[in-house]
Amino acid sequence: MPNLPTHRPRRNRKSEVIRDMVQETRLTTHDFIYPVFLIEGQNQNVPVASMPGISRFSADLLIDEIGRCVELGVKAFAPFPSINDALKDRLARESANPEGLYLKTVAHIKRQFPDVVLMTDVAMDPYSSDGHDGVVDAESGEILNDATLEVLGQMALAQARAGADIIGPSDMMDGRVAWIREVLDQNAFSHVSIMSYTAKYASAFYGPFRDALDSAPKKGDKKSYQMNPANRREALRELALDEAEGADMVMVKPALSYLDVILDVKTHTNLPVTAYNVSGEYAMVKAAAQNGWLDGERTMMEVLTSIKRAGADAILTYFAKEAAAVLRRG
Ligand code: PBG
C-alpha cells in the first residue's frame with residue numbers, strides 16, 4: 001500500500017471556525033471608496049443601463065445616497081460629474097468654476113458630512129469638448145502634455161478650495177503629480193492629499209463609465225497617455241516617478257485583469273496602494289448574475305477579496321454599498 005499523506009492542509013479547513021481563524025484576507029467597509037455619478041437638476045435618479053444598481057444622481061439625491069452609505073459604514077467617495085455639452089470646451093474651463101455643478105456639490109457634501117472623505121477627479125474628459133483627458137492640438141490631434149498641466153493645476157486648486165480631501169489625477173499626463181503638489185502647496189493646501197492613478201491602462205473595461213458620463217473621446221483613443229495593457233515593468237517606472245513627485249497614495253486601474261501589477265506595486269512601495277475595480281468589471285458580474293449564470297453576491301465578495309489579497313489597501317468599487325450591506329449582515 002502506498003504511504004498515506006503526512007501533510008494534510010485540509011485540517012485547516014475542517015470547520016467554519018477554523019477556516020475563519022486562518023483566513024488571511026478580510027474585507028471591511030474601511031477598504032472601500034465609492035465612485036458616484038453626479039448630474040444637474042433636482043430629484044434626479046437616472047439609472048446607468050450598463051451598471052445595474054448604479055444611478056446618476058442630482059446633488060440632493062446624492063446627499064441622500066451618501067447618507068445611506070455612511071449608515072452602512074462606507075465613508076469615502078469619489079464623485080464624477082456629467083457635464084452638459086453646452087459647458088464643454090477645448091480647455092475644460094468649467095472644471096475650475098466654483099459655481100459649477102461639481103465644485104458646488106463637493107462643497108455641499110462636505111458641509112453635510114464633514115467626516116466623509118471626498119476624493120475628487122482631476123482630468124479634463126468630463127468637461128472637454130474633445131472627450132480627452134488632455135488638451136488636444138487642433139491641427140495634429142496630439143494630446144499636449146505641458147499645456148494640460150496648467151489646466152490640471154487650476155482644476156486641482158479649485159477642488160481643494162471646494163473642500164476636497166484627496167485629489168485624484170486620473171489623466172496620465174507626465175509630471176502632473178509634482179505640478180499639482182506645487183500648486184497646492186503654494187496656495188496653502190499642503191494638507192490636501194494626492195492619490196495618483198499611477199498605473200492606469202488604456203482599457204476596454206471603462207466602457208460603461210464613459211456611457212454614464214457621456215465622456216468618450218470624440219476622436220481617437222487614449223493610448224498615447226494611458227498605459228499599454230501588455231506592460232508590467234512600466235508600472236514600476238510610473239510608481240517611481242509618482243513617489244518622487246510626492247504622491248501620498250498610488251493606484252492601479254483596472255483591478256481584476258491587473259492583479260499582478262497590484263502585487264508588483266505593493267512590493268515596490270511603502271505608500272498605501274489602491275486599486276480601481278472599474279465599471280466594466282462591475283458590469284460583467286452584474287450581467288452574469290442577472291442571467292442567473294453566476295451567484296452575484298458571492299462573485300462580488302470573491303472579486304473584492306482577490307483585489308485586497310493581491311495587495312490593495314483600499315478599493316474603489318461600485319460594489320461598495322452592496323458589499324457593505326453584506327458585511328454588516330455578517
Ligand atoms: C477618465 C476616467 C475614466 C475612468 C475614471 N476616470 C475613464 C477613462 O479613462 O476613459 C473609468 C472608471 C471606470 O470605468 O469605472 N479620466
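Both Tyr282 and Phe319 are buried in this structure, which is a predicted model. The two rings form an aromatic pair with a centre-to-centre distance of 4.7 Å and an angle of 50 degrees between the planes, and the pair is classed as tilted. Because Tyr282 lies in helix 9 (residues 279-290) and Phe319 in the loop between strand 12 (314-317) and helix 11 (320-329), the pair ties together parts that are 37 residues apart in sequence.

The count of aromatic pairs in the model comes to nine. Another of them is formed by Tyr197 and Tyr276, which are again tilted, with 50 degrees between the planes and 6.2 Å from centre to centre. Tyr197 belongs to strand 9 (residues 193-200) and Tyr276 to strand 11 (residues 273-277), so that this pair ties together parts that are 79 residues apart in sequence. Tyr197 is buried, as is Tyr276. Ring pairs further link Tyr197, Tyr276, Tyr282 and Phe319 with Phe37, Phe80, Phe209 and Tyr318 into a cluster.

Two rings of this cluster are also associated with a lysine side chain. Lys253 lies over the face of Tyr276, at 4.6 Å from the ring centre, and it lies over the face of Phe209 as well, where the corresponding distance is 6.0 Å. The backbone at Lys253 is likewise notable, in that a cis peptide bond joins Lys253 and Pro254, with omega at about -10 degrees. Pro254 is placed in the loop between strand 10 (249-253) and helix 8 (259-268).

Lys253 recurs in the surroundings of the ligand, where it is one of the closest residues, together with Arg210, Lys222, Ser279 and Tyr318, among the 17 residues that surround the ligand. Three side chains in this group place a polar atom opposite a ligand oxygen. For Arg210, a polar side-chain atom lies 2.6 Å from an oxygen atom of the ligand, and for Ser279 the distance from a polar side-chain atom to an oxygen atom of the ligand is 2.7 Å. In the case of Tyr318, an N or O atom of the side chain is 2.6 Å from an oxygen atom of the ligand. The ligand has 400 Å² of accessible area on its own, and the protein covers 100% of that area. Tyr318 thus appears in two settings, being listed among the closest residues to the ligand and being a member of the aromatic cluster.

With respect to the overall fold, the protein chain contains eleven helices and twelve strands. A compact globule of 330 residues would have a radius of gyration near 20 Å, and the protein chain, with 21 Å, agrees with this expectation. The C-alpha trace of the protein chain spans about 80 × 45 × 40 Å along its principal axes, and 53% of the 330 residues count as buried.

Positive phi values in residues other than glycine were found at Asn43 and Met172, and the two positions are described in turn. Asn43 has a phi of about 55 degrees and lies in the loop between strand 1 (32-39) and strand 2 (45-47). Its relative accessibility is 59%, and Asn43 therefore counts as exposed, the cut-off being over 50%. For Met172, phi is near 70 degrees, and the residue is found in the loop between strand 8 (166-169) and helix 5 (176-186). Met172 has a relative accessible area of 5% and is therefore buried, since the limit for this class is under 20%.

A further buried loop position is His132, which likewise has a relative accessible area of 5%. This residue is found in the loop between strand 5 (117-122) and strand 6 (135-136), and its side chain reaches the backbone oxygen of Lys219 at 2.8 Å. Arg329, by contrast, counts as exposed, with a relative accessibility of 58%, and its place is in helix 11. Between Arg329 and Gln112 the separation is 217 residues in sequence, and 27 Å in space when taken from C-alpha to C-alpha.

Technical notes: Residues are numbered from 1 along each chain as its sequence is written. Side-chain values use heavy atoms; hydrogens and water are left out. Rings of Phe, Tyr and Trp (its six-membered ring) pair if their centres lie within 6.5 Å; planes under 30 degrees apart count as stacked, over 60 as edge-to-face and the rest as tilted. Helices (H or I, at least four residues) and strands (E, at least two) are DSSP runs, numbered from the N terminus. Buried means under 20% relative accessible area, exposed over 50%, partly exposed in between (1.4 Å probe, protein chains only). A charge sits over a ring if NZ of Lys or CZ of Arg is within 6 Å of the ring centre and within 35 degrees of the ring normal. A residue is near a molecule or strand if one of its heavy atoms lies within 4 Å of it. A polar contact is a pair of N or O atoms within 3.5 Å; within protein, one must be able to donate a hydrogen and the other to accept it, and residues adjacent in sequence count only if both atoms are side-chain atoms. Accessible areas come from the Shrake-Rupley method with a 1.4 Å probe; for residues, only the protein chains shown count as cover. The radius of gyration is taken over C-alpha atoms; the globule rule is 2.2 Å times the number of residues to the power 0.38.
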